[in-house]
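Visitor: I'm new to reading protein structures, and I'd like some help. Could you walk me through one, feature by feature?

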Amino acid sequence: MPFARRPLSPVRRRAAQVVAVTGAAALLLAGCGSSGSSSGSSSSGSGAPAADAAGGGKRTVKDATGKAVEVPVEPKRIVTLTQEDLDAVLALGAKPVGITNGQGLNEPPAYLKDKVQGVPVVGNLLQPVMDKVIAAKPDLILAGDMQDEQMLKQLREITPATLVTMAPTDDWKLAFRGIGNAVNKLDRANEVIGDYEAKAAKAGGELGRNKGAAVSIVRWNPTGPSWMEKKQFASGVALDMGLTRPAAQDKDGNAHSPALSLEKLAEIDGDWLFLSTLTDDGKAALKDVQSKPAYQELNAVKNNRTVTVDGSVWSTRGGPLAADAVIGDIGKALGGS
């Protein structure tokens, strides 16, 4: 059952482990060519960066698939094809020249909307309109976890500096470091992660009697709820805050459970229940089940400890700005109880 826009079936998940080893290692590699800048990663090559036609320079990095890609030393016109790429670029202090709509949305994600006013939308998530990408005149395209080789080929004809930034099982911190490396700001990316981890730990320590509570993190699909595994984005943020997961959800991985039937609804129970949706059908399904005894008998429901959250933040692969939003949501809900 799909959980988010890039579902991993059990078969794909097993296959992805091989890809992930390559992708995870590749994203942490410094540029293979000389960076020509102290703001990014160190290089394993030697000599000055090659000069381009505009008088700038190039460096070579590896993307999440292990592919060597030549990119500008200081990219000026970045196009992002996922909200995770967009989140990362904004967190690093850059502003793209082209973006895609948010997951399940026909507009940019609400939590980033005020930061991208006036930036052209070049298509939907991982579905760019090539003419619009061309019009943005990118010198770097961040293509998320795109697996459509034909589309990647078209994008690389627009600019060879097109990178797959996420392997299937990469967590958000690893992907963010890879994006930081691609834009020559790896040092800054590490600082952002350090700041996030300090903030998460501090916020978790301020939860009073809810410190260490077991939080259930669920996306409601049209066919029923799916709970998040421990390494899925929002789950990881909760763990970084010192929270725990209910016994039924205490499972490593960055995917989600199959959609549950009413008979298995107890699996989503916890001290607190965080609920998100991504589609109108999912919202309708959640509203419908809330009148049913199986839902009303959940301890979190009976104790008035259910929290509705934004699925375009909680049900994604994540980034630093989304992580900050999750910390805020958890702190607001648990800190006052």
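Guide: Happy to. Let's start with one residue pair: valine 218 stands opposite tryptophan 227 in β9. Keep in mind that this is a predicted model.

Visitor: How do strands pair up, and how many bridges join β8 to β9?

Guide: The general idea is that strands of a sheet pair through backbone hydrogen bonds, either parallel or antiparallel. Here, β8 and β9 run antiparallel, and 4 bridges join them. The link in the chain is a hairpin, which takes β8 to β9 through 2 residues.

Visitor: In which sense do β8 and β10 pair?

Guide: Those two pair in the parallel sense, over 5 bridges. Valine 218 turns up again, since it stands opposite leucine 275 in β10. Now follow leucine 275 onwards: it stands opposite threonine 308 in β11. β10 and β11 run parallel, with 3 bridges between them.

Visitor: What is the order of the strands in the sheet?

Guide: Reading across, you get β9-β8-β10-β11, an open sheet of 4 strands with mixed pairing. β9 and β11 (306–308) each have a single partner strand, so one side of each is left without a neighbour in the sheet. From one strand to the next, the twist averages 30°.

Visitor: What about the two faces of a strand? Which residues of β8 lie on one side and which on the other?

Guide: In a regular strand the side chains alternate between the two faces of the sheet. In β8, Val215, Ile217, Arg219 and Asn221 are on one side, while Ser216, Val218 and Trp220 are on the other. Both faces are covered, and these residues are all buried. Put as a count, 7 of the 7 residues of β8 (residues 215–221) are buried.

Visitor: Which helices lie across β8?

Guide: Helix α8 (residues 280–289) lies across β8 and β10, and runs at about 115° to β8. Then there's α12, which lies across β8, β10 and β11 and runs at about 140° to β10.

Visitor: Let's move on to the core. How many residues does the largest nonpolar core have?

Guide: It has 54 residues. Those with the most contacts inside it are Phe176, Met241, Leu243, Phe274, Trp314, Ile330 and Leu334. Helix α12 (residues 320–335) supplies the largest share of this core, 7 residues.

Visitor: Can we zoom in on one residue? What does isoleucine 330 touch?

Guide: Leaving out residues up to four places away in sequence, isoleucine 330 touches Leu207, Ala238, Met241, Leu243, Phe274, Trp314 and Gly335. Apart from that core lies another one, of 17 residues, among them Leu81, Val97, Val122 and Ile141.

Visitor: How do I read two helices that pack together, such as α6 and α7?

Guide: Two packed helices are described by the angle between their axes and the distance between the axes. For α6 (residues 186–205) and α7, the axes come within 8 Å and cross at roughly 65°. Tyr196, Ala200 and Ala201 in α6 meet Gly236, Val237 and Asp240 in α7. The residues of this contact divide into 4 nonpolar, 1 polar and 1 charged.

Visitor: Last topic: charges. How many salt bridges are there?

Guide: Side chains of opposite charge can pair when their charged atoms come close. The count here comes to 14 salt bridges. One of them joins the side chains of glutamate 107 and lysine 113, at 2.8 Å from N to O. Glutamate 107 is partly exposed, at 35% relative accessibility, and lysine 113 is partly exposed too, at 36%.

Visitor: Lysine 202 and glutamate 206 also meet in a salt bridge. Are they buried, partly exposed or exposed?

Guide: Lysine 202 is exposed, with a relative accessible area of 54%. Glutamate 206 is partly exposed, at 49%. The N to O distance in that pair is 2.7 Å.

Visitor: Which parts does the pair of lysine 230 and aspartate 250 tie together?

Guide: These two side chains meet in a salt bridge at 2.9 Å, N to O. Lysine 230 lies in the loop between β9 (224–227) and α7 (233–240), and aspartate 250 in the loop between α7 and β10 (272–276), so the pair ties together parts that are 20 residues apart in sequence. Salt bridges can also share partners: Lys173, Glu197 and Asp240 are joined into one network that way.

Methods. Residues are numbered from 1 along each chain as its sequence is written. This is a predicted model: local features need pLDDT of at least 70, side-chain atom pairs count only at pLDDT 80 or more; totals for chains, interfaces and linings use all residues. Side-chain values use heavy atoms; hydrogens and water are left out. A nonpolar core is a set of buried Ala, Val, Leu, Ile, Met, Phe, Trp, Tyr and Cys residues joined through side-chain atoms within 4.5 Å. Buried means under 20% relative accessible area, exposed over 50%, partly exposed in between (1.4 Å probe, protein chains only). Contact means heavy atoms within 4.5 Å. A salt bridge is a side-chain nitrogen of Lys or Arg within 4 Å of a carboxyl oxygen of Asp or Glu. Axes are lines fitted to C-alpha atoms, for helices over the stretch in contact, and angles run from 0 to 180 degrees between N-to-C directions. Ala, Val, Leu, Ile, Met, Phe, Trp, Tyr, Cys and Pro count as nonpolar, Asp, Glu, Lys and Arg as charged, and the others, Gly among them, as polar. Two strands pair if DSSP finds at least two bridges between them.
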